[in-house]
Amino acid sequence: MQQILYFLKKFRFFLLFIFLEFIALFLTIQHHSFHKSKFINSSNTITGGIYNKANSIKEFFHLKSENKRLVEENTKLLNLINTHKTDFNLETFSVVDSIKYFQKYQYSFAKIINNNYTKPDNFLTIDKGTNHGVEPDLGIVNSKGVLGVVKNVSKNNATVLSILNRNSKINVRLKNSNHFGTILWNGKNHNTIQLIDIPRQAIIKVGDTIITGGKSAIFPEGIQVGTIKNFLFNNNKYQEINILLFNDMSALGYVQIVKNYLKNEQKNLERNTINE
Amino acid sequence: MNNLFFSNTLRFIGLVLLQVLVLNNVNLFGYLNPLVYISWVFLFPVRKNQSTILILSFLLGLTVDIFSDSGGINAAATLFIALIKLPLLKVILKKSDFDYLLFNIRSISFGKAFILIFVLTIIHHFIVFSLVYFSFNEFYTIISTTFFTSIFTIILCILGIVLFTNKK
């Protein structure tokens with residue numbers, strides 16, 4: 001007994017070290033697995049508040065580029081409205097049944113208050129949370145393309161799994177040929193991401209546009225991602241396709257949150273089909 | 001004692017804010033971010049009872065982790081250098097026992113202080129980047145990032161310590 005006490009006394013600092021080190025490693029490993037890090041993230045009140053303050057100063061310096069982006073988006077939307085006006089003048093005018101019809105995607109806006117892009121696993125923090133209707137697994141986009149998927153949510157902030165994260169996988173397709181693939185990131189250059197699972201019969205060229213595929217229930221179909229920068233074609237297979245993003249991931253301001261009202265319906269239907 | 005308590009608390013908060021608001025956004029050559037907050041561990045007074053420095057450096061690392069969404073990576077690395085600081089000092093100064101109360105990193109010669117900071121920084125950064133990449137395929141990336149970030153951190157740490165602390 002006395003020897004045990006002596007041992008504990010002699011090595012008490014080392015035992016304390018082992019104890020704390022285990023906590024740290026536990027938190028690290030927990031953080032590496034998707035959707036599990038509940039406590040250690042930057043969406044809580046104190047850290048979110050400090051980032052909010054720092055960001056309101058930084059925001060001032062980006063007003064010019066942000067305004068330019070908004071003007072571009074307004075122009076695009078105006079063009080969209082005008083194309084619909086011509087549709088209504090056609091003779092075959094379809095009636096929308098007001099009982100069956102309802103909106104599928106809802107957009108709301110948020111501001112990026114913390115942006116990482118140099119690490120191999122990056123997260124963004126936005127200034128909207130459960131108080132504003134944000135929940136996990138909503139898509140984050142801006143006018144230039146896809147940015148990520150909401151991961152953890154607190155009352156007023158939320159963290160976003162950026163597309164610049166090795167755990168991020170998003171379904172995309174080629175704009176001109178309907179061949180589907182998946183984008184992921186190898187953790188190196190923050191301007192390029194990688195496209196995999198493109199079938200060998202697809203014909204691709206440098207400069208082809210990549211858009212979201214709409215298979216995933218998170219993003220609507222047709223949101224821009226980027227253009228093909230270069231690719232390798234070996235053994236009758238596309239080995240490595242690099243995509244140049246439209247977004248500059250190092251300078252992000254306001255973003256849109258995409259909510260899919262029909263997500264649960266689609267998920268339940270798919271689950272029931274598998275279970276049968 | 002009171003004076004020590006206040007100066008270390010202020011330094012703790014100041015270094016965490018400096019790290020998360022300024023230095024995490026430096027991105028020199030696209031990817032180098034110095035981890036200067038570890039200079040808190042270098043400056044913390046040496047005591048025979050190590051539990052204070054172990055618990056506080058764990059908290060320091062954890063605070064930086066919470067801000068930068070990295071799990072417990074910085075906590076693990078900072079805790080490790082806090083543990084080996086005293087044994088390393090004994091090896092560098094070639095003493096088995098010394099005057100704990102009067103010890104100050106400015107009171108030893110520059111060469112010896114530099115070796116201490118150099119070894120602790122390299123070990124800290126190696127642990128951090130190993131846990132960040134967490135893969136043997138990235139071994140070369142881990143080594144090169146550790147090396148270049150360490151140079152950056154060491155320069156900033158030594159400049160900071162020389163400029164902002166008094167020589168006894």
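**Exercise 1. Burial and make-up of chain A**

Task: State what share of the residues in chain A is buried, and how many helices and strands chain A has.

Solution. Step 1: buried residues make up 30% of the 276 residues in chain A. A residue is buried if 20 or more other C-beta atoms lie within 10 Å of its own, exposed if 12 or fewer, and partly exposed in between, with C-beta atoms placed from the backbone. Step 2: the model is predicted, so local features need pLDDT of at least 70 and side-chain atom pairs count only at pLDDT 80 or more, while totals for chains, interfaces and linings use all residues. Residues are numbered from 1 along each chain as its sequence is written, and chains are lettered from A and ligands numbered from 1 in the order in which they are written. Step 3: chain A contains five helices and twelve strands. Helices (H or I, at least four residues) and strands (E, at least two) are DSSP runs, numbered from the N terminus. Step 4: of the contacts in chain A with a separation of 6 or more, 57% are between residues 24 or more positions apart. Two residues are in contact if their C-beta atoms, placed from the backbone, lie within 7 Å.

**Exercise 2. Confidence in chain A**

Task: Find where in chain A confidence is lowest and where it is highest.

Solution. Step 1: pLDDT is the predictor's confidence in each residue, from 0 to 100. Its mean over chain A is 81, and 88% of the residues of chain A reach 70 or more. Step 2: the lowest confidence in chain A is in helix α4 (residues 63-88), with a mean of 72. The highest is in strand β5 (residues 158-165) of chain A, at 91. Step 3: where pLDDT is low, the predicted coordinates should not be read in detail.

**Exercise 3. Two loop residues of chain A**

Task: Place A:D137 and A:G222 in chain A, and decide how exposed A:D137 and A:G222 are.

Solution. Step 1: A:D137 sits in the loop between β2 (121-126) and β3 (139-142) of chain A. Its phi is near 70°, a positive value in a residue other than glycine. Because A:D137 has 17 C-beta neighbours inside 10 Å, A:D137 counts as partly exposed. Step 2: A:G222 belongs to the loop between β9 (209-212) and β10 (224-234) of chain A. A:G222 has 11 C-beta neighbours inside 10 Å and therefore counts as exposed. Step 3: leaving aside neighbours within four places in sequence, A:G222 is in contact with A:I211 and A:T212. The C-alpha atoms of A:G222 and A:G145 are 9.7 Å apart, with the two positions 77 residues apart in sequence numbering.

**Exercise 4. Chain B and one helix pair**

Task: Describe the elements of chain B, then the packing of α1(B) and α3(B).

Solution. Step 1: chain B has six helices and zero strands. Buried residues account for 35% of its 168 residues. Step 2: the axes of α1 (residues 2-22) and α3 of chain B come within 10 Å and cross at roughly 30°. Axes are lines fitted to C-alpha atoms, for helices over the stretch in contact, and angles run from 0 to 180 degrees between N-to-C directions. Step 3: α1(B) is therefore roughly parallel to α3(B). Angles under 35 degrees count as roughly parallel, over 145 as roughly antiparallel, 65 to 115 as roughly perpendicular and the rest as oblique. Step 4: the residues in this contact include B:F12 and B:V16 of α1(B) and B:L60 and B:F67 of α3(B). By class, the contact holds six nonpolar, three polar and no charged residues. Ala, Val, Leu, Ile, Met, Phe, Trp, Tyr, Cys and Pro count as nonpolar, Asp, Glu, Lys and Arg as charged, and the others, Gly among them, as polar.

Step 5: α3 (51-68) and α4 (73-93) of chain B are joined by a loop that holds B:D69. B:D69 is buried because 24 other C-beta atoms lie within 10 Å.

**Exercise 5. Where the chains meet**

Task: Say which element gives the largest share of the side of chain A that touches chain B.

Solution. Step 1: 25 residues of chain A are in contact with 25 residues of chain B. Step 2: the largest share of the chain A side, 14 residues, comes from α2(A). Step 3: α2(A) and α4(B) pack at about 160°, with axes 7 Å apart, and are therefore roughly antiparallel.
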